[in-house]
Every structure is written in structure tokens, then in C-alpha cells.
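Thanks for coming, everyone. I would like to spend a few minutes on charged side chains that pair up, so please have the model open while I talk.

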Amino acid sequence: MEAANYINNEFFSYGLKPGGSRMRVFGKDGMEEKVVFFQPFPYVAGVELGKGNAMTLATRGTDASAQDAPATLALRVGEDWMPLGFSASARVENAPVVFVGYGITDAAQNYDDYKGADARDKIALAFSGTPDGDNPHSRFTRSGELRFKAAAARAAGAKALVIIASEENFKDDKLTALKYDNAGGDAGLPVVVISRQAAAKILGLESLDRLSSTETSARLLNSPASVFKAGTDAPRLPSNALSITTDIVRKSAPAANVVGVLEGSD
């Protein structure tokens with residue numbers, strides 16, 4: 001606010017008229033309402049984990065029946081998964097998982113990872129990045145951004161979006177650094193990143209090599225839903241379910257535009 005106060009004083013010294021918000025200030029006759037130079041706006045200065053973050057995987061395998069008792073695995077926040085800074089704080093209970101490739105919907109490119117994948121009321125699981133890999137001139141530069149992936153998941157009716165980390169060592173992945181981008185706002189649903197080891201368990205894959213080959217298939221195929229199908233080499237998607245609780249604490253800080261008006265002479 002030091003910079004704002006400096007600009008405020010300069011505007012005042014130049015004789016500009018205040019163009020900010022109406023505020024109650026001390027005047028000559030006590031408290032009064034007047035227009036001031038400041039135009040306050042909400043600003044999130046940082047985020048931190050709340051105490052309620054939790055994730056549980058219930059595994060049934062590929063040939064589960066209603067009588068099968070699922071095995072449950074508690075995944076550790078900070079070790080196996082991490083909510084993203086723009087994630088909504090919410091709870092999703094025992095929702096089935098649907099694989100959606102890279103989680104990208106881009107009408108201009110005639111590309112839709114949700115085509116053929118029924119994500120409504122399910123948890124969407126997607127690889128990070130885009131099918132173009134590290135290409136700096138990717139055609140998915142915009143639609144591959146996390147906030148647009150979250151919007152695509154929300155539009156498809158998903159209850160949450162789980163992003164698979166790109167790094168084998170989870171703590172080395174850039175998505176594990178909890179931060180907030182004021183330009184993105186709240187995602188409107190839980191958005192988390194998960195380790196590749198945990199992702200392999202969710203997808204019923206026996207190794208990280210198998211996960212890498214699945215990612216390669218998702219990159220080459222236009223329909224990620226066909227990655228998991230009956231066949232010799234294709235894995236079958238197990239009927240696993242996730243329970244996710246995200247608890248994000250956003251720290252607000254005072255912020256304001258400083259608005260001065262220089263009236264015309266005509």
C-alpha cells in the first residue's frame with residue numbers, strides 16, 4: 001500500500017479529482033461520506049493447506065461385482081497428492097474415476113478428450129501438459145492451461161479433476177508448489193495433482209513403465225477413451241473410486257486502484 005499512498009498524495013498535489021469509491025472518512029465536521037482516490041478490490045496474497053485435506057482410493061479391480069469389498073488406500077497430502085491453489089474447497093465422496101487423456105477440449109482444433117468418456121458425476125483423471133509434449137509452439141498453448149482444463153472438466157459435469165504429475169519424483173513436480181494466480185480465480189471444483197505411482201494404482205497399471213506407455217497412447221489417439229479397451233495390449237480401466245476433500249485457505253490482503261480524474265476543459 002506504500003506505492004498506492006504515494007500515488008494518492010501525488011494526485012492530490014496535482015489537484016486531480018478523486019475517482020475511486022465512496023468511503024466514510026473524517027472530514028472537517030466529523031465522519032462523512034465522500035469519493036476518495038482509492039478503489040478497493042479483493043486480492044489473494046497467498047494460499048495454504050487447511051486441516052481437512054484427505055484422499056482415499058477404493059480399489060475393486062477390473063472384474064468387480066457388487067459383493068466385492070473394496071480395498072481402501074489412504075493417500076497422503078504432500079506425499080501422494082496436493083490440491084492446486086485455485087482448487088475449490090469441497091468434498092467428493094466415493095466417486096468413480098474416468099480417464100480423459102490430457103483433459104483438453106478445444107473446438108477450434110476439433111479436439112475433445114471428453115468425447116466418448118462419460119465424466120458426469122465422476123472424477124476426471126488426466127495427464128498434465130498437452131499431446132504436443134514440450135513443444136513451445138503447441139496448438140494447445142491456451143486450452144492446455146490448467147484453468148481451461150478445469151473449465152472443461154466442469155463443463156463435462158465432472159465432480160473433480162485429478163492431474164497426473166509429469167515428474168516421477170512427486171516433490172520435483174512444479175504443480176506441487178502451492179500457489180495462487182489471481183487471474184484464474186476459483187476453479188469451481190476440486191483440482192489436485194497426484195503422483196505417478198498413485199495414478200498407476202488408480203488406473204490398475206502394474207508399473208510406471210506401463211503408465212508411460214499409456215501416456216504415449218493417449219498422445220497418439222484422438223479418443224483417450226479407447227486407450228482402455230478390450231484387447232491384447234490395451235489395459236482395462238478398473239472400477240476404482242476416489243473420495244477427495246480439499247481444504248484451501250486463501251489469505252486476503254488489502255489492495256486498491258488509485259483513480260484520479262483530470263476533467264476536460266470543453
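E215 is a buried residue in this predicted model, with a relative accessible area of 14%, which falls under the 20% cut-off that we use for that word. Its partner is R196, and the two side chains meet in a salt bridge with an N to O distance of 3.3 Å. R196 is buried as well, at a relative accessible area of 7%. As for where the two sit, E215 belongs to helix α4, residues 208-220, while R196 belongs to helix α3, residues 196-203, so the salt bridge ties together parts that are 19 residues apart in sequence. The pair does not stand alone, because salt bridges with shared partners join R196, E215 and R219 into one network.

How many salt bridges does the structure hold altogether? The count is nine, and I will pick out two others.

One of them links E263 and K17, with the closest N and O atoms 3.2 Å apart. Here E263 lies in the segment after β18 (260-261) and K17 in strand β1, residues 17-18, so this pair ties together parts that are 246 residues apart in sequence. Are these two side chains buried or exposed? E263 is exposed, at a relative accessible area of 52%, whereas K17, at 44%, counts as partly exposed.

The other links R76 and D80, whose closest N and O atoms are 3.1 Å apart; in that pair, D80 counts as buried, with 13% relative accessibility.

Key. Residues numbered from 1 in each chain as written. Predicted model: local features only at pLDDT ≥ 70, side-chain atom pairs only at ≥ 80, totals over all residues. Heavy atoms only, no water. Salt bridge = Lys/Arg side-chain N within 4 Å of Asp/Glu carboxyl O. Helix = DSSP H or I, 4+ residues; strand = E, 2+ residues; numbered from the N terminus. Buried < 20%, exposed > 50% of the residue type's maximum accessible area, 1.4 Å probe, protein only.
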